[in-house]
Amino acid sequence: MSVHARLRATVPALLPAAEAGPPEITGPPGRRMLVQRGDGEIVAQPLDDSFAPRGASVRFPAPWPRDRGTWEVAPDAGLAVFAGVHAVRAVDPSGATRWEVRHGCWYGACREAHTSYEAYAERPDHRYPESGSVGFSVDGRLVWAHVRGPLPGGESSPDTVDEWLVVDAGSGRVLGRADAEAAAAGSIHVPHPTDPAQMGLSIGEGQDGAPLRWGRWDGSGLTVDRLDEDQCLLGLSPSGDRLMTVSHDQDSLAVRDSAGAVVDALDWNAEAAIPRHPDAAGEADEDEVERCWDWAGGFLDETTLVASTAECDEEWGRGRHWLVAATDARAVVPITYPSRVTGEPTALGGGVWSTPSEARDVLHVWELDGRDGRDS
């Protein structure tokens, strides 16, 4: 049995592939935006419901190269926030710095208080730093920032490695802070889709684990729940009540509640749920065909997920994508496309998802075929 995908839209990149990272579609239905980080800027283009450009694009000059940190654009495209090696900096479209929060250096052995990018730009030991991340609340009023401690003049414990901050997006004032209880190589923020006071933080510690944190801001204090030490958060359902996670070793995909507990046994072991790749037939013993989930995908709607196994499939042939019903622990169904698809899927909500072209210069937006599309 399989389900058919139908092409909904083709969205060209905003910048040449040789000069930029891959394009991304962000935001929920009704507030979608195409964003892309170039060598010297971020470009953001609002999109309408058909994924066509809506109004003029916005450009944000970057304070440092794209390999020196991560970034995020506000939901209204009025501000971009860059998470760098030594600071979190908010920039408006003119290139002016709206505000900056300095923090400890993400190069692990460095204890210097850098005051600018130029202070470490040419240092060989700072070429491949670890990194944190930033995320806007759903209403754009808060910036959540995962940083390396300590903050200048702060009250961090000497044992604190990473800190999680809640920052006023307009002024840059640090409203709340907490120990992330991690030592990150990288991280991503996953905002709650309806509640600006909640945020998910998925942290990667390389081979050491994948701490998953859930933050709540009550207006005066930041509370952080430790949901797991070995799960990667990929997305939230439209209600925000369910989380999609893949284990650090990629052997398990699960739907969880906001406390981190698996919902109604909705936990799919890769070896049991994913059939052997058809191109591996006759070429390898069963135990030689690895099956694992990608750290990719998300919720298409409240009860349906898109997932993939492209990483482990590439040894045998084309990577596979899967439709997963979050109402039935047995329902993992392959997706059939009308043309060749490369890369991993990104869930966009509203029943649609995107895949990149092989050259990373176009995003293809897909939806389930209106015929229902199930073949036996």
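This short presentation covers the surroundings of one histidine, H146, and then the arrangement of one sheet.

Good morning, colleagues. Please bear in mind throughout that the structure shown above is a predicted model.

I begin with H146. This histidine lies in strand β11, which spans residues 142-148. Is H146 buried or exposed? Its relative accessible area is 1%, and because the cut-off for a buried residue is under 20%, H146 counts as buried.

Which side chains does the side chain of H146 meet through polar contacts? One partner is D162, with a polar contact of 3.0 Å between the two side chains. Another is S187, whose side chain is joined to that of H146 by a polar contact of 2.7 Å.

The wider surroundings may be described as follows. With neighbours within four places in sequence left aside, the residues in contact with H146 include W106, G132 and S133. D162, E163 and W164 are also among them, as are A180, A184, S187 and H189. L201 and I203 complete that list.

I turn now to the sheet. It is an open sheet formed by 8 strands, and its pairing is mixed. Read across, the order is β22-β23-β24-β25-β1-β28-β27-β26. Strands β22 (298-301) and β26 (346-349) are the edge strands, each pairing on one side only. On average, neighbouring strands of this sheet are turned by 35° against each other, direction ignored.

Within this order, let us consider one pair. Strand β1, residues 3-12, pairs with strand β25, residues 332-336, in the parallel sense over 2 bridges. Which residue in β25 is the bridge partner of V3? That partner is I335.

Thank you for your attention.

Conventions
Residues numbered from 1 in each chain as written. Predicted model: local features only at pLDDT ≥ 70, side-chain atom pairs only at ≥ 80, totals over all residues. Heavy atoms only, no water. Helix = DSSP H or I, 4+ residues; strand = E, 2+ residues; numbered from the N terminus. Buried < 20%, exposed > 50% of the residue type's maximum accessible area, 1.4 Å probe, protein only. Polar contact = N/O pair within 3.5 Å; in protein donor to acceptor, adjacent residues only side chain to side chain. Contact = heavy atoms within 4.5 Å. Pairing = 2+ DSSP bridges. Axes fitted to C-alpha atoms, helices over the stretch in contact; angles between N-to-C directions.
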